[in-house]
Amino acid sequence: MRWWGDVWWAFAAAGCPFVVGVAGNHDLVSAAELAEAGGHVTLLDGDCVDLGGVRFGGVGRIIGDPARPGRRTERAQLDLLGRVLGEDPSVLILHEGPPDRAPTTA
């Protein structure tokens with residue numbers, strides 16, 4: 001496991017009651033690998049989980065050429081985001097946030 005996987009393991013080993021996050025475009029960690037750290041470690045990608053009375057939703061990776069690791073088409077990324085938002089999370093975790101655009105006023 002590379003350093004980014006070590007971060008997950010470090011939180012799990014520190015005794016955190018739960019560890020939840022998303023993978024980025026350079027992360028090679030998988031849910032199966034993290035399962036070895038215990039049931040309190042959760043990798044989100046297009047889904048939600050209820051932990052400690054809080055509903056977490058997450059979408060990992062970035063928009064880009066899906067032939068490259070850790071990337072999806074814009075449509076696929078937006079579809080995952082829509083699915084997560086449809087589950088009404090209290091906390092949304094993203095690796096890639098929205099572009100820096102000023103909000104529109106009505």
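# Salt bridges and a three-stranded sheet

A search of the whole structure, which is a predicted model, finds four salt bridges.

User: What makes the contact of R72 and D45 a salt bridge?

Analyst: The side chains of R72 and D45 meet at 2.2 Å, N to O, and the criterion asks for a side-chain nitrogen of Lys or Arg within 4 Å of a carboxyl oxygen of Asp or Glu, so the pair qualifies. The two residues belong to distant parts of the chain, 27 residues apart, with R72 in strand β6 (residues 71-72) and D45 in the loop between β2 (41-43) and β3.

User: Why is R72 called buried or exposed, whichever applies?

Analyst: R72 has a relative accessible area of 16%, and buried means under 20%, so R72 is called buried.

User: And which class does D45 fall into, and why?

Analyst: D45 has a relative accessible area of 30%; because this value lies between the 20% and 50% limits, D45 is classed as partly exposed.

User: How do you know that E87 and R55 form a salt bridge?

Analyst: The side chains of E87 and R55 meet at 2.9 Å, N to O, which is within the 4 Å cut-off, so this pair is called a salt bridge. This pair, too, links distant parts of the chain, since E87 sits in the loop between α3 and β7 while R55 is in strand β4, 32 residues apart. With a relative accessibility of 29%, E87 falls between 20% and 50% and therefore counts as partly exposed.

User: What makes D79 and R75 a pair within one helix?

Analyst: Both D79 and R75 lie in helix α3, four residues apart, which is about one turn of the helix. Their side chains meet in a salt bridge at 2.8 Å, N to O.

User: Why do D79 and R75 count as partly exposed and exposed, respectively?

Analyst: D79 has 43% relative accessibility, a value in between 20% and 50%, so D79 counts as partly exposed, whereas R75 has a relative accessible area of 53%, which is over 50%, and R75 is therefore exposed. Elsewhere, salt bridges that share partners join D50, R55 and E87 into one network.

User: What makes β3 and β4 a pair of strands?

Analyst: Strand β3 and strand β4 (residues 54-59) are joined over five bridges in the antiparallel sense, and pairing requires at least two bridges, so the two strands pair. Within this arrangement, D50 stands opposite R55 in β4.

User: Why are β3 and β7 called edge strands?

Analyst: The sheet is open, has three strands in the order β3-β4-β7, and shows mixed pairing. In that sheet β3 (47-51) and β7 (91-94) each pair on one side only, and they are the edge strands. From one strand to the next, the twist averages 25°.

User: How do you know that helix α3 packs on the sheet?

Analyst: Helix α3 (residues 74-85) touches β3, β4 and β7, and contact means heavy atoms within 4.5 Å. The direction of α3 makes about 175° with that of β4.

User: What is the overall make-up of the chain?

Analyst: The protein chain has three helices and seven strands, which follow the pattern α-β-α-β-β-β-β-β-α-β along the sequence. Buried residues make up 36% of its 106 residues, and the accessible surface comes to about 6600 Å², of which 56% belongs to carbon and sulfur atoms.

Methods:
Residues are numbered from 1 along each chain as its sequence is written. This is a predicted model: local features need pLDDT of at least 70, side-chain atom pairs count only at pLDDT 80 or more; totals for chains, interfaces and linings use all residues. Side-chain values use heavy atoms; hydrogens and water are left out. Axes are lines fitted to C-alpha atoms, for helices over the stretch in contact, and angles run from 0 to 180 degrees between N-to-C directions. Buried means under 20% relative accessible area, exposed over 50%, partly exposed in between (1.4 Å probe, protein chains only). Accessible areas come from the Shrake-Rupley method with a 1.4 Å probe; for residues, only the protein chains shown count as cover.
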